[in-house]
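Q: I have a structure open and don't really know how to read it. Can we go through it together, one feature at a time?

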Amino acid sequence: MRAIRYNINSGGGYMKTIKSLIDKQDDIDLAHSFYDACSNKEFKCFTEQIDLPQQILQNYTSSLEDAYIESCNCKKCRGLSSCKNKVKGYYYYPIKENQILNFSYVACEKLKEKEQKEKYKENIEFYEMPKDLLEASLKNVYKDDKARLPIIKYFGEFMETYTEKNPPKGIYLTGSFGSGKTYLIAALFNEMAKKNYKSAMVYYPEFLRSLKSSFQTDYTDKFNYIKKSPLLLLDDIGAENCSSWSRDEVLGPILQYRMENHLSTFFTSNLTLKELELALSITNSAPDRVKARRIIERIKQLTINLELVSKNRRN
Ligand code: ADP
Ligand code: MG
């Protein structure tokens with residue numbers, strides 16, 4: 001019995017000794033691989049920038065190597081599109097926390113720059129309009145034909161004088177199909193978004209259809225958003241199937257609110273104001289010239305009238 005008890009006790013101690021020998025061997029292996037990795041002078045420099053002793057750094061050799069490779073990729077960066085790192089636009093990076101290292105993916109400067117440049121896009125709400133209008137820019141507006149000049153001139157004044165408290169009038173921009181009306185207003189809204197002003201671009205005929213089908217759901221939200229947006233474009237007004245509902249329950253109240261609250265409102269249309277008046281007076285119910293006239297009066301209060309007749313740019 002005695003002998004057995006002795007064996008058990010000494011067995012526990014023996015295991016401890018083996019474990020500490022294994023730990024020591026592990027340490028030696030870790031030190032070796034760290035030492036090997038440091039034969040690359042640049043890797044060594046990279047690790048020396050971390051304020052931790054080698055005994056700790058050596059626990060992370062392979063992660064440090066990954067981080068080092070990504071830092072080299074960044075030094076040779078030729079732009080985001082050709083990023084060689086595992087997660088595009090990010091680099092794997094060691095962060096010291098107390099006496100350990102945590103590795104995480106950090107957004108690179110190029111990605112941050114891009115995100116900053118594109119942040120303006122959050123300021124524009126699109127309703128049934130193509131998102132590529134976000135790329136429209138005043139710099140790229142065709143300057144070959146003089147028809148655009150009065151519009152560009154007004155844009156200049158608009159941007160200069162705009163304040164949310166005292167916004168200038170919008171434009172009722174009429175003209176031929178494909179002449180670039182929508183593109184121009186989108187370019188202005190993009191410039192305004194870069195100055196942090198919010199806007200909504202609404203393809204009016206489609207918006208009406210979607211509003212109609214949302215009676216049971218988010219009708220009021222959609223309606224109010226458009227009504228209150230600091231800058232609003234009602235695109236292609238006059239191309240909708242006019243009904244007394246769309247004229248008297250939608251367009252009328254939107255324009256009334258915007259007039260009372262001095263909110264800049266833009267329209268594009270293939271119709272002149274005279275033609276629009278006629279289009280608005282004919283609905284599925286009885287013709288109503290007075291109600292149509294009232295809408296036109298509101299549009300006149302809200303906008304200056306400009307025309308863009310130019311060749312069709314659609315291909
Ligand atoms: P409209 O609204 O008058 O019918 P659009 O604004 O839709 O015309 O323009 C017609 C086409 O021409 C679109 O594809 C648009 O992207 C393009 N376009 C118009 N103006 C420009 C411009 N200045 N630079 C580049 N593309 C333009
Ligand atoms: Mg258009």
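**Around the ligand**

A: Sure, let's start with the kinds of residues that sit around ligand 1: by class, the shell has four nonpolar, six polar and three charged residues. Keep in mind that this is a predicted model.

Q: Which residues come nearest to ligand 1?

A: There are 13 residues around ligand 1, and the ones that come nearest are Gly178, Lys181, Thr182, Tyr183 and Arg314.

Q: Okay, and how do I read a polar contact? Which part of Thr182 lies 2.7 Å from an oxygen atom of ligand 1?

A: The idea is to look for pairs of N or O atoms within 3.5 Å. For Thr182, a polar side-chain atom lies 2.7 Å from an oxygen atom of ligand 1. With Gly178 the backbone takes part: one of its N or O backbone atoms lies 2.8 Å from a ligand 1 oxygen atom. Asn140 also uses a polar backbone atom, found 3.3 Å from a nitrogen atom of ligand 1. As for cover, ligand 1 taken alone exposes 550 Å², and the protein buries 76% of that.

Q: Now the strands. Why is strand S6 largely enclosed by the rest of the structure?

A: To judge this, check each residue: buried means under 20% relative accessible area. In S6, residues 231-235, five of the five residues are buried, so the strand is largely enclosed by the rest of the structure.

Q: Which way do the residues of S6 point?

A: Sort them by direction: Leu231, Leu233 and Asp235 point one way, Leu232 and Leu234 point the other way, and all are buried.

Q: Which strands does S6 pair with, and in what sense?

A: Look for the bridges. Strand S5 (residues 199-203) pairs with S6 in the parallel sense over five bridges, with Ser199 standing opposite Leu231. Strand S7 (residues 264-269) also runs parallel to S6, joined to it by four bridges. Across that pairing, Leu233 has Phe266 of S7 as its bridge partner. You can also trace the chain: S6, helix H10 (residues 244-260) and S7 make a right-handed β-α-β unit.

Q: Last one: is Lys146 buried or exposed?

A: Here the cut-off is over 50% relative accessible area for exposed. Lys146 has 69% relative accessibility, so it counts as exposed. You'll find Lys146 in the loop between strand S3 (124-127) and helix H6 (149-161). To place Lys146 in space, try Ala279 as a landmark: the two are 133 residues apart in sequence and 30 Å apart in space, C-alpha to C-alpha.

Terms used: Residues numbered from 1 in each chain as written. Chains lettered and ligands numbered in written order. Predicted model: local features only at pLDDT ≥ 70, side-chain atom pairs only at ≥ 80, totals over all residues. Heavy atoms only, no water. Near = heavy atom within 4 Å. Polar contact = N/O pair within 3.5 Å; in protein donor to acceptor, adjacent residues only side chain to side chain. Areas by Shrake-Rupley, 256 points an atom, 1.4 Å probe, with all protein chains shown as cover. Nonpolar A, V, L, I, M, F, W, Y, C, P; charged D, E, K, R; others polar. Buried < 20%, exposed > 50% of the residue type's maximum accessible area, 1.4 Å probe, protein only. Helix = DSSP H or I, 4+ residues; strand = E, 2+ residues; numbered from the N terminus. Pairing = 2+ DSSP bridges. Right-handed = clockwise from strand over helix to strand, strands pointing away.
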